[in-house]
Amino acid sequence: QVQVVESGGGLVQAGDSLRLSCAVSGGTFSTLGWFRQAPGKEREFVAAIGGISSYANFAKGRFTISRDNTENSVYLQMNSLKPEDTAVYHCAVGNRPFGQLSRDGKYDYWGQGTQVTVSS
């Protein structure tokens with residue numbers, strides 16, 4: 001049984017940093033990604049890593065995605081956080097060979113999410 005568990009969220013002030021972690025068990029996946037959903041908004045792509053890395057425009061220069069294959073984990077380092085980064089951040093994993101990294105359909109399993117709140 002595949003499990004995807006996020007951690008590392010919290011309440012921070014604007015300009016602070018957070019590092020989100022995602023632990024994956026029950027399988028090995030070629031593509032790992034982060035998405036987020038703010039209250040009243042649709043879920044949106046943040047970053048993903050497969051053969052290459054991909055970032056949403058708002059994440060470029062501030063967020064860094066990395067993976068540790070030995071621990072079957074993926075991380076999201078978030079710097080210079082802004083209030084508009086407030087959201088539930090979800091980790092997603094998959095093995096589908098086709099499709100864009102930024103699309104939901106690329107992923108097979110999702111975590112429950114971790115809350116990130118950035119105060120101004």
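## Strand 8 and its neighbours

In which sense do strand 7 and strand 8 pair, and over how many bridges? In this predicted model, strand 7 (residues 63-68) pairs with strand 8 in the antiparallel sense, over 6 bridges. Ile65 has Leu76 of strand 8 as its bridge partner. The two strands form a hairpin, with 4 residues between them. Asn72 sits in that turn and has a positive phi of about 55°.

Strand 3 (residues 18-25) also joins strand 8. The two run antiparallel and share 6 bridges. Here Leu20 is the residue whose bridge partner is Leu76. Leu76 is thus named in both pairings, with Leu20 and with Ile65.

## Burial of strand 8

Strand 8 spans residues 73-78. It is largely enclosed by the rest of the structure, because 5 of its 6 residues are buried. Buried here means under 20% relative accessible area.

## Strand 11: two faces

In a regular strand the side chains alternate between the two faces of the sheet. Strand 11 (residues 114-119) shows alternation along its length. Thr114, Val116 and Val118 point to one face and are buried. Gln115, Thr117 and Ser119 point to the other face and are not buried.

## Strand 11: partners

Strand 2 (residues 10-13) pairs with strand 11 in the parallel sense, over 4 bridges. Leu11 stands opposite Thr117, a residue on the face that is not buried.

Strand 9 (residues 87-94) runs antiparallel to strand 11, and 3 bridges join them. Ala87 has Val116 as its bridge partner. Val116 belongs to the buried set of strand 11.

Technical notes
Residues are numbered from 1 along each chain as its sequence is written. This is a predicted model: local features need pLDDT of at least 70, side-chain atom pairs count only at pLDDT 80 or more; totals for chains, interfaces and linings use all residues. Side-chain values use heavy atoms; hydrogens and water are left out. Buried means under 20% relative accessible area, exposed over 50%, partly exposed in between (1.4 Å probe, protein chains only). Two strands pair if DSSP finds at least two bridges between them.
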